Amino acid sequence: MSTETHQKVTARHLQRDAYVYVRQSTVRQVLENTESTQRQYALRQRAIALGWPPDRVIVIDADLGQSGASAVDRAGFQRLVAEVGMGRAGIVLGLEVSRLARNSTDWHRLLELCALTDTLILDEDGIYDPACFNDPLLLGLKGTMSEAELHVLRARLRGGLLNKARRGELRCRLPVGLVYDGARVVLDPDIQVQDSVRLLFQTFARTGAAHATIKYFRLQGLLFPTRVAAGARQGELVWGPLSLGRAANALHNPWYAGAYAFGRSRWRKHPDGRTRHERVPTSEWHALIRDAHPGYISWEEHERIEQCLQAAAQSVAFARVGKGPPREGPALLQ
């Protein structure tokens with residue numbers, strides 16, 4: 001143990017508790033990356049070696065499986081900040097800065113509290129006193145690098161994902177009626193499922209409206225298939241009444257036209273503060289490969305359906321005469 005370490009750890013610090021903060025970003029890391037978790041728990045012995053009694057070393061591991069990008073959902077980190085703010089902590093131990101926080105705001109807030117309450121910080125490189133001049137500079141730099149590292153990792157992962165999608169090799173969640181046969185996308189071998197999907201497009205071609213298509217299915221007592229997306233029954237085929245949302249999603253879906261498509265929608269924050277899921281124009285899709293697999297309709301039919309749906313949406317919004325049935329609008333006798 002170095003002389004500098006002896007100088008930083010004083011009796012005043014030893015009179016308070018030592019807090020060991022343990023975190024892994026995902027549940028998968030907790031299950032598979034066990035070595036990192038063990039190294040973090042081993043910091044308890046480091047605190048004991050510095051002079052803290054075993055009963056004064058508190059391990060906070062409530063954030064195992066939680067991302068460090070924000071402190072909002074991290075009850076363990078919030079508890080740690082509260083204990084430091086109340087002056088109960090003599091030292092905070094973390095394997096590295098990224099374990100404590102991936103966000104510079106959260107990290108600098110913790111540093112400020114540690115400086116005000118004379119709390120030390122320890123990582124695998126040494127012990128730091130945030131009340132000194134040089135140590136906060138080094139800790140701040142480590143926090144900035146940790147936040148930048150998270151951005152670089154995300155960009156690298158997303159870049160690889162998009163590159164794979166542009167080649168048409170990224171496996172996506174397929175709409176009902178299409179399944180994977182190895183690496184290939186093929187029509188669902190269930191003939192009843194195929195017939196239901198074909199009937200949906202045939203009915204829309206005849207009626208020209210999604211509401212009329214739904215009405216036909218209900219009058220005929222027909223059900224439409226779907227596959228459970230998550231949970232214990234994930235992938236299971238279930239049948240139910242055809243809703244407007246399911247019909248619209250199917251009619252808009254280019255996969256039914258034999259096209260590989262990725263990035264057709266995005267989450268967007270609106271001026272009212274709400275975040276909504278919306279479709280994006282075809283020109284902004286990340287990947288579009290026509291004739292990539294068998295389909296139920298042609299690409300030309302898909303484009304005709306899109307034009308028809310767009311015209312219907314405009315007629316609802318603006319009550320444009322001749323562009324669909326008149327609905328809500330500015331006219332007095334609408």
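Two strands count as paired when DSSP finds at least two bridges between them. With that idea in hand, let us walk through this structure, which is a predicted model.

**A strand in the middle**

A good place to begin is strand β3, residues 89-93. Which strands pair with β3? On one hand there is β1 (residues 17-24), which pairs with β3 in the parallel sense over four bridges. Within that pairing, D17 has A89 of β3 as its bridge partner. On the other hand there is β4 (residues 120-123), which runs parallel to β3 and is joined to it by three bridges. Here I91 stands opposite L120 of β4.

Is β3 largely enclosed or not? Five of its five residues are buried, so the rest of the structure largely encloses this strand. As general background, side chains in a regular strand alternate between the two faces of the sheet.

**A helix with a buried face**

Now turn to helix α4, residues 34-41, where S36, T37 and Q40 are buried. Viewed down the axis of α4, the buried residues fall within an arc of 100°, so they line one face of the helix. A general rule helps here: an α-helix has 3.6 residues a turn, so residues three or four places apart point the same way. What do the buried residues of α4 pack against? Their neighbours are β1, α5 (43-49), β2 (57-64) and α7 (97-100). Strand β1 is already familiar as a partner of β3.

**Five residues to compare**

Burial varies from place to place, and the table below sets five residues side by side. A residue is called buried under 20% relative accessible area and exposed over 50%, with partly exposed in between.

| Residue | Location | Relative accessible area | Class |
|---|---|---|---|
| H302 | helix α13 (residues 299-318) | 4% | buried |
| D118 | loop between α8 (104-117) and β4 | 17% | buried |
| L141 | helix α9 (residues 134-166) | 48% | partly exposed |
| R218 | helix α11 (residues 210-219) | 55% | exposed |
| D291 | loop between β13 (287-289) and α13 | 70% | exposed |

Let us look at the surroundings of these residues. Leaving aside residues up to four places away in sequence, H302 touches L251, H252, N253, P254, A257 and I297. H302 counts as buried because its relative accessibility is 4%.

R218 is exposed, with a relative accessible area of 55%. With residues up to four places away in sequence again left out, R218 touches L242 and S243. R218 and L242 are 24 residues apart in sequence, while their C-alpha atoms are 7.6 Å apart in space.

L141 belongs to a patch on the surface. Together with L138 and M145, L141 makes a nonpolar surface patch of about 290 Å².

**Two unusual backbone angles**

Most residues other than glycine have a negative phi. What is the phi of D118? It is near 60°, a positive value in a residue other than glycine. D118 sits in the loop between α8 and β4, and its 17% relative accessibility makes it buried.

D291 also has a positive phi, near 55°, and is a residue other than glycine. D291 lies in the loop between β13 and α13, but at 70% relative accessibility D291 is exposed.

Technical notes. Residues numbered from 1 in each chain as written. Predicted model: local features only at pLDDT ≥ 70, side-chain atom pairs only at ≥ 80, totals over all residues. Heavy atoms only, no water. Buried < 20%, exposed > 50% of the residue type's maximum accessible area, 1.4 Å probe, protein only. Helix = DSSP H or I, 4+ residues; strand = E, 2+ residues; numbered from the N terminus. Contact = heavy atoms within 4.5 Å. Patch = residues over 30% accessible without salt bridge, like charges linked within 9 Å, V, L, I, M, F, W, Y side chains within 5 Å. Areas by Shrake-Rupley, 256 points an atom, 1.4 Å probe, with all protein chains shown as cover. Salt bridge = Lys/Arg side-chain N within 4 Å of Asp/Glu carboxyl O. Arc of directions from axis to C-beta.
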